[in-house]
Every structure is written in C-alpha cells, then in structure tokens.
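Work through the exercises below with the structure open. Try each task before reading its solution.

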Amino acid sequence: MFKLEGHAVLIRKPTDLGEADVTPHEIYLGRRRFLASGLAVAGAALGGALWAPAADAGIRLGEVRPGPFGTDEALTDRKDVLTYNNFYEFGVSKSDPARYAHRMKTDPWSVTVSGECEKPGTLALEDILAPHAFEERIYRLRCVEGWSMVIPWIGFPLGDLLKRFAPTSKAKYVEFETLYDKKQMPGQRRRVLDWPYREGLRMDEAMHPLTLMAVGLYGEVLPNQNGAPLRLVVPWKYGFKSIKSIVAIRFRETQPTSSWMKAGPREYGFYSNVNPDVPHPRWSQKRERRIGEFRKRPTLMFNGYAEQVASLYRGMDLKKYF
Ligand SMILES: Nc1nc2c(c(=O)[nH]1)N[C@H]1C(S)=C(S)[C@@H](COP(=O)(O)O)O[C@H]1N2
Ligand SMILES: [Mo]
C-alpha cells in the first residue's frame, strides 16, 4: 500500500504552516518531482551527500497535517539538520552519518514486537504504518552535548502504535533496538557502544501524546542519517533517547538498560530528562547553542515541555533519577 518508486514529497514548505491550517497538504510523489522542487535545488547545490537518499524506502507520506505542541521558534537550517548528526553506527563524527548512511538499506524493513503484550509479532514497515495518519510536529531537540535544533518532524504518536499490540498490565517499560549489521553500519565494528543501540521509556512516557514515532522531516521521508525509516522523537529528553532506525520493540516489566547507561552509568541515567539544574559530570547543562546561532541560550526544564510532562515525575527526586 505504501510502496512506490521514489519518494513522497511535501511540496509546501513546513515554514508556511499555520496553527489554524488543517487542510491536507498537497503531496507530490516521485524523486523527479522532488528534484524539480526548491528543496532539492538547495540540496543539489551542496552536493549529493547532503541528501543521503532513502531511494529504496517504502514509505509514502500521503497527507500530512499540522500536529499539536508546535513551537513558533525559527526552524534550524535544513542543511544542518541533514549534515550535523549523531548516529554512531556510521561513525562518531558529526559529518559521518551524512557521508555513510546511504549504505543502510531501508526496504524491506520490519519491526519485531515482543514481551509483555497479547499481540507480539514481526510486522513489515508498511503494516506498521498503514493505520496511522501522519502529522507535522515542530519540536526542539536538545543534545546532551550542549547544542539544540528545531526540526519539523513528520510522524504519529508512538502510543497509537503500541496500543495495537495490546500490552499487558505487566508492561511497565518499553525497550527499543536499532538495526545491528556491521556490513551496513561500519561504526559498529568499533565497540564505542554496546551494539545494537538500545533505549527505553517508562510506559507512561511512551504513551504520552508528545512522544512521536517519526518517518519524515522537512516534508520528506526521513533521510537515512536521521534514522530512516522509523525513529523515536522524545522532545523533553536529551537527544540520545530518540533512537534511530528501529527494528525491535519489547514490552518489559523491568527497566531496560540503555546503551548509554551501560557506557557511562554515572553520566547517563535512564530518565535523561533535559534539566538545567542537573549537570553532566563533565559539563554544565545550563546553556545550549542553537545550531546556526552564536550566543548561547538558557536550557529550559524538560526542554520547554514542562507544562506537558512535569506531572509524569511528580514526587520524584530528579537529581537522583537523572
Ligand atoms: N541508533 C542511534 N540512535 C541515535 C543516536 C545514535 O548514535 N544511534 N544518536 C542519538 C543522539 S545523541 C542524538 S542528539 C539524536 C540526533 O538526531 P538527528 O541526527 O536526527 O538530529 O539521535 C539519537 N539517536
Ligand atoms: Mo545527542
């Protein structure tokens, strides 16, 4: 159903979207049309590597509606979103993912769902996506390293997907895993992290309406370097919680250990909520550099989403549960 030759491209620029605008946006299909669009001109000028094409991704974006929780802050330049990445499976330098992620094959793609649920199974990407309507959500992303971006994501609420597997009352947490394949992901030949990359959320965090399963950004199918074909975006947590290129989802009774917790338990906690009052052991988290800006900005509690998520942590000592 979602198969097509090239790409689904939202021609209208995300920056044109207004709050009140709920009309479905016109979608053009196919790479050739994409190449004729303004977005592609910018991409072509910067060389092919900018847009590591998901030439084989079986995703059609279809109608994309503006979603809730948007920010009116200026979007980060698309070039920066596509070329300044953390995706250690392709190397630890920010430019490595844009350079090497085209090696990852995203079609066919499937996701295996297991653990504490009534309907486990392995689903093709097309079946994962079929029932969901896509929305655009402009979210801030704050990296634990001290920089941030504002990105127009396209996706759907993670909770809507999880409900389809009928998690049982024992499902207190959910764990996610990235593809593990040294041939496609050269960075996995070095043990910088315990592969495959793993992340986890408490069930109420996973079900929260802010938590997005993303399939696109800037009106395009997700570029490989940003985690094609399917990645989390958890905007009130440090960026590393937003795991890319997901192949497995596991409902668990016990708290999962993420790859970053394993790498540095004193530095990376399970919660990893953005918190200017809890420094990383080696640096402060009080300020951040928005990519494209010179002066640093103050970092906001829960990355500015306190109104939506603070209640999830009522009564918890956030210095202990960092
Ligand atoms: N599988 C995987 N997911 C990952 C990472 C990674 O190295 N591997 N890096 C994380 C970090 S540290 C950040 S800041 C974000 C960056 O997302 P972006 O490159 O799309 O901006 O992805 C996160 N997801
Ligand atoms: Mo990050």
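**Exercise 1. The chain as a whole**

What percentage of the residues of the protein chain count as buried? Then describe the secondary structure, the contacts and the surface.

Solution.
- Step 1. Note the type of model: it is predicted.
- Step 2. The protein chain has 322 residues, and 57% of them count as buried. The cut-off for buried is under 20% relative accessible area.
- Step 3. Count the elements. The protein chain holds nine helices and 15 strands.
- Step 4. Turn to contacts with a separation of 6 or more. Of these, 72% join residues 24 or more positions apart.
- Step 5. Take the surface last. About 14,200 Å² of the protein chain is exposed, with carbon and sulfur atoms supplying 52% of that area.

**Exercise 2. The ligand site**

How many residues surround ligand 1, and which are the closest? Find side-chain polar atoms that approach the ligand, then look at its cover.

Solution.
- Step 1. Ligand 1 is surrounded by 16 residues. The closest are Asn85, Tyr88, Glu89, Arg231 and Lys244.
- Step 2. Start with Arg231. An N or O atom of its side chain is 2.6 Å from an oxygen atom of ligand 1.
- Step 3. Go on to Asn226. Here a polar side-chain atom lies 3.0 Å from an oxygen atom of the ligand.
- Step 4. Check Thr178. Its polar side-chain atom lies 2.9 Å from a nitrogen atom of ligand 1.
- Step 5. Now the cover. On its own, ligand 1 has 540 Å² of accessible area, and the protein covers 98% of this.
- Step 6. Place the site among the pockets. The largest pocket is the space taken by ligand 1.

**Exercise 3. Arg142**

Is Arg142 buried or exposed? List the polar contacts of its side chain and its wider surroundings.

Solution.
- Step 1. Locate the residue. Arg142 belongs to strand 6, which spans residues 134–142.
- Step 2. Arg142 counts as buried because its relative accessible area is 0%, and the cut-off is under 20%.
- Step 3. Look for side-chain partners. Gln285 makes a polar contact of 3.0 Å with the side chain of Arg142 through its own side chain. The side chain of Thr299 also joins that of Arg142 in a polar contact of 3.0 Å.
- Step 4. Widen the view to residues beyond four places in sequence. Arg142 is in contact with Trp147, Ser148, Lys237, Tyr238, Gly239, Val274, Gln285, Arg287, Glu288, Thr299 and Asn303.

**Exercise 4. Backbone features in loops**

Where is the cis peptide bond to Pro108 placed relative to helix 4 and strand 4? Examine Pro229, Ser245 and Ser272 as well.

Solution.
- Step 1. The peptide bond from Asp107 to Pro108 is cis, and its omega is near 5°. Pro108 sits in the loop between helix 4 (96–100) and strand 4 (110–115).
- Step 2. Ala228 to Pro229 is also a cis peptide bond, with omega near -5°. The loop holding Pro229 runs between strand 11 (220–221) and strand 12 (231–233).
- Step 3. Ser245 is not a glycine, yet its phi is positive, near 45°. It lies in the loop between strand 12 and strand 13 (246–252). Ser245 counts as buried because its relative accessibility is 0%.
- Step 4. Ser272 has a positive phi too, near 50°. Its loop is the one between helix 8 (259–263) and strand 14 (287–290). At 4% relative accessibility, Ser272 is therefore buried.

**Exercise 5. Two methionines**

Why does Met207 count as partly exposed? Map its contacts, then treat Met316 likewise.

Solution.
- Step 1. Met207 is in helix 7, residues 203–207.
- Step 2. Its relative accessibility is 29%, so Met207 counts as partly exposed. That class runs between the cut-offs of 20% and 50%.
- Step 3. Beyond four places in sequence, Met207 touches Gly159, Leu162 and Lys163. Gly159 is 48 residues away along the chain, but the two C-alpha atoms are separated by 4.2 Å.
- Step 4. Met316 is located in the segment after helix 9 (306–309). It counts as partly exposed because its relative accessibility is 22%.
- Step 5. With residues up to four places away left out, Met316 touches Arg202, Tyr271 and Tyr321.

Definitions and conventions
Residues numbered from 1 in each chain as written. Chains lettered and ligands numbered in written order. Predicted model: local features only at pLDDT ≥ 70, side-chain atom pairs only at ≥ 80, totals over all residues. Heavy atoms only, no water. Helix = DSSP H or I, 4+ residues; strand = E, 2+ residues; numbered from the N terminus. Buried < 20%, exposed > 50% of the residue type's maximum accessible area, 1.4 Å probe, protein only. Contact = heavy atoms within 4.5 Å. Areas by Shrake-Rupley, 256 points an atom, 1.4 Å probe, with all protein chains shown as cover. Near = heavy atom within 4 Å. Polar contact = N/O pair within 3.5 Å; in protein donor to acceptor, adjacent residues only side chain to side chain. 1 Å grid on protein atoms, 1.4 Å probe; cavity = no way out; pocket = protein on both sides within 12 Å on 5 of 7 lines; lining within 4 Å. Sits in = over half its atoms within 2 Å of the grid points.
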